[in-house]
Amino acid sequence: LRLAAETDTIPSNAALSRLLGCAEGTRWLRISSLRMEERPQGLPLGWTDIYVDIKYEALEAHVRAAPDTLVSALIEQHYGLRVAEIVQQVRAVDASAAMAKRLNVEAGSATLQILRRYLDAKGEVLVSSVATHPGERFSITTRLQRAKG
């Protein structure tokens, strides 16, 4: 279950610019959401900030109209673009005071941060997302199989 938290337009500061690999001051449409456990009084499972080039700011209305649809799918549908590749980076980070409050954890506690870049066929970034999950409420499982032969 995702609950839309906020949608706004922001310029990237130094920290966000380093994270997204963009110039400081780059303007973004930011779409934020909180994912909760699917039970009454469930705990937060993750906070996601999605960053889209400001030239797609009309996307905000499409997100509000279809909150359960992936932003990358909405860009494909409404702008005729196609995601060809997703690059994902996972790292451990300490929860800032603001993130700790959102996730109902102690400030400084361990979280997993997942940065995804959705690229078109030319390698241009269409969407970037930064999801932060409480360490004790989230895991990633990878299964590797040896090829036969």
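Two aromatic pairs turn up when the whole structure, a predicted model, is searched. In one of them, the rings of Trp28 and Tyr51 sit with their centres 6.4 Å apart and their planes at 75°, so this counts as an edge-to-face pair. Trp28 belongs to strand β2 (residues 27–36) and Tyr51 to strand β3, so the contact ties together parts that are 23 residues apart in sequence. Both Trp28 and Tyr51 are buried.

Tyr56 and Tyr79 make up an aromatic pair that is again edge-to-face, at 4.7 Å centre to centre with 65° between the planes. Here, too, distant parts of the chain are linked: Tyr56 comes from the loop between β3 and α2 (59–65), while Tyr79 sits in helix α3 (residues 71–79), 23 residues apart. As for exposure, Tyr56 has a relative accessible area of 11% and is therefore buried, the cut-off being under 20%. Tyr79, at 27%, is partly exposed.

Another ring has a charge for company: Arg102 lies over the face of Trp47, 4.4 Å from the ring centre.

Turning to empty space, the second largest pocket has a volume of about 420 Å³. Its lining takes in 20 residues, with Leu19, Asp49, Met99, Gln113 and Val130 nearest the centre. Quite a few elements chip in: two or more lining residues come from each of α1 (14–20), β3 (44–53), β4 (85–94), α4 (97–103), β5 (110–119) and β6 (125–134). By residue type, the lining of this second largest pocket splits into 10 nonpolar, five polar and five charged.

Key
Residues are numbered from 1 along each chain as its sequence is written. This is a predicted model: local features need pLDDT of at least 70, side-chain atom pairs count only at pLDDT 80 or more; totals for chains, interfaces and linings use all residues. Side-chain values use heavy atoms; hydrogens and water are left out. On a 1 Å grid over the protein atoms alone, a cavity is a set of points where a 1.4 Å probe fits but cannot get out, and a pocket is an open set with protein on both sides within 12 Å along at least five of seven lines; lining residues have an atom within 4 Å of a point. Grid points are joined across faces, edges and corners, and a volume is the space filled by probe spheres set on the points. Helices (H or I, at least four residues) and strands (E, at least two) are DSSP runs, numbered from the N terminus. Ala, Val, Leu, Ile, Met, Phe, Trp, Tyr, Cys and Pro count as nonpolar, Asp, Glu, Lys and Arg as charged, and the others, Gly among them, as polar. Rings of Phe, Tyr and Trp (its six-membered ring) pair if their centres lie within 6.5 Å; planes under 30 degrees apart count as stacked, over 60 as edge-to-face and the rest as tilted. Buried means under 20% relative accessible area, exposed over 50%, partly exposed in between (1.4 Å probe, protein chains only). A charge sits over a ring if NZ of Lys or CZ of Arg is within 6 Å of the ring centre and within 35 degrees of the ring normal.
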